[in-house]
Amino acid sequence: MPVLGIDAGATKTECWFADDEGALLNRARGPGVNFQLIEEDEIEFTLDALIHQTVGAHPLPVDCVCVGMAGAGRERDFAAMRTIFDRLRLAREVVVTHDARIALVAGAGKPLGLVLIVGTGAAAYGVNARGATARAGGWGPLLGDEGSAYWMGINTLRAVMRAYDGRAQPTLLEDLVLSQLGLSHVEAIVHRVYREMRRDEIAALAPLVQRAADLGDAGAQSIVDQAVHEFVRAAESVIGKLDLAGESFRLVLSGGLWKAVPVLHQDFEKLIKKVAPWSQVTALAVEPAHGAIRLALDHLRRRIKSGDDE
């Protein structure tokens, strides 16, 4: 019973193809698919092409596909994704969930604990031993995602403009930003941001914050501190809702920003231990798509056990 596991993020989509033991047969990567950012027909086209690329000559449909989508925390998004797969007919069974759940399963081995996803966006999600779930953040760049790479990039640009105006102290971020963007003057940033810069390009500025902070830049250090504070608040919210403060649980750190700005991990772990001293903070060592594969196989095994496939 071959299965597909898909990690559908805002900037990229990972598609894994595995056998009935979870062994990886093939994988492929494509552009991001997110209902808040991309039209449904474009998402359908992307998934169709990516799945065919991943399975190669293997006959379709596969037995099950599990899709973990960034932003898929609302029933409307779940329904839209199911509709897409109904039209494509690439899998007999379809499991649609959010990216936080597949990351948690990938990092903890089971849907139990807490995951803090920090990439272009940011969100916390947890499950306790009773199966109750809770989340915080992940509401997109206008309503949330505090501490994310995009948030850090925007605050980096704001810090540069404030310093240029004389509303803040001069910052090393100015030269770093100009160099990365290939610009010669601060005012050229305005045209670039409002006319040309994509969300992922702004997010790519985040690593500059640690470079400047390591050199003693107070403005950059303030951005780091604010980001860590937001992560702690999001995790604390989920921990409180699920009564996990006094429990031992795995707290998985997922997303590219933890590697791009490694000081975030160190500072976050120090502070979160004051909230949940028995938490085991670990960086996700495998791709979240691994969790999607596990969930797809678990779904099929439950169906077989219950006799629903007869």
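Buried, on this tour, means under 20% relative accessible area, exposed means over 50%, and partly exposed is anything in between (1.4 Å probe, protein chains only). You're looking at a predicted model, where local features need pLDDT of at least 70, side-chain atom pairs count only at pLDDT 80 or more, and totals for chains, interfaces and linings use all residues. Residues are numbered from 1 along each chain as its sequence is written, and side-chain values use heavy atoms, with hydrogens and water left out.

**Stop one: the cysteines.** Select C15, which is buried at 0% relative accessibility. Then pick C66, likewise buried at 0%. Why does a search of the whole structure find zero disulfides? For a disulfide, two cysteine sulfur atoms must be within 2.5 Å. The C15 sulfur has its closest cysteine sulfur in C66, 11 Å away, so that pair is too far for a bond. From the C66 sulfur, the closest one is in C64 at 6.9 Å, also too far.

**Stop two: the sheet.** Now show β8, β7, β6, β9 and β10, in that order: five strands forming an open sheet with mixed pairing. Strands (E, at least two residues) and helices (H or I, at least four) are DSSP runs, numbered from the N terminus, and two strands pair if DSSP finds at least two bridges between them. At the edges stand β8 (133–137) and β10 (279–283); each has a single partner strand, so one side of each lacks a neighbour in the sheet. From one strand to the next the twist averages 15°; for angles, axes are lines fitted to C-alpha atoms (for helices, over the stretch in contact), and values run from 0 to 180 degrees between N-to-C directions.

Zoom in on β6 (113–118) and β7 (122–127), an antiparallel pair with six bridges. Click V115 and you'll find Y125 of β7 opposite. Next, add helix α3 (99–108), which packs on the sheet, touches β6, β7 and β9 (249–254), and makes about 120° with the direction of β6. Then add helix α12 (263–275), lying across β6, β9 and β10 and running at about 170° to β10.

**Stop three: two arginines.** Select R199 in helix α8 (199–203). Its side chain makes a polar contact (N or O atoms within 3.5 Å, one able to donate a hydrogen and the other to accept it; sequence-adjacent residues count only if both atoms are side-chain atoms) with the side chain of D145, at 3.2 Å. Beyond neighbours within four places in sequence, R199 is in contact (heavy atoms within 4.5 Å) with residues including A10, L37, T120 and Y150.

Finish at R302 in helix α13 (289–306), exposed at 53% relative accessible area.
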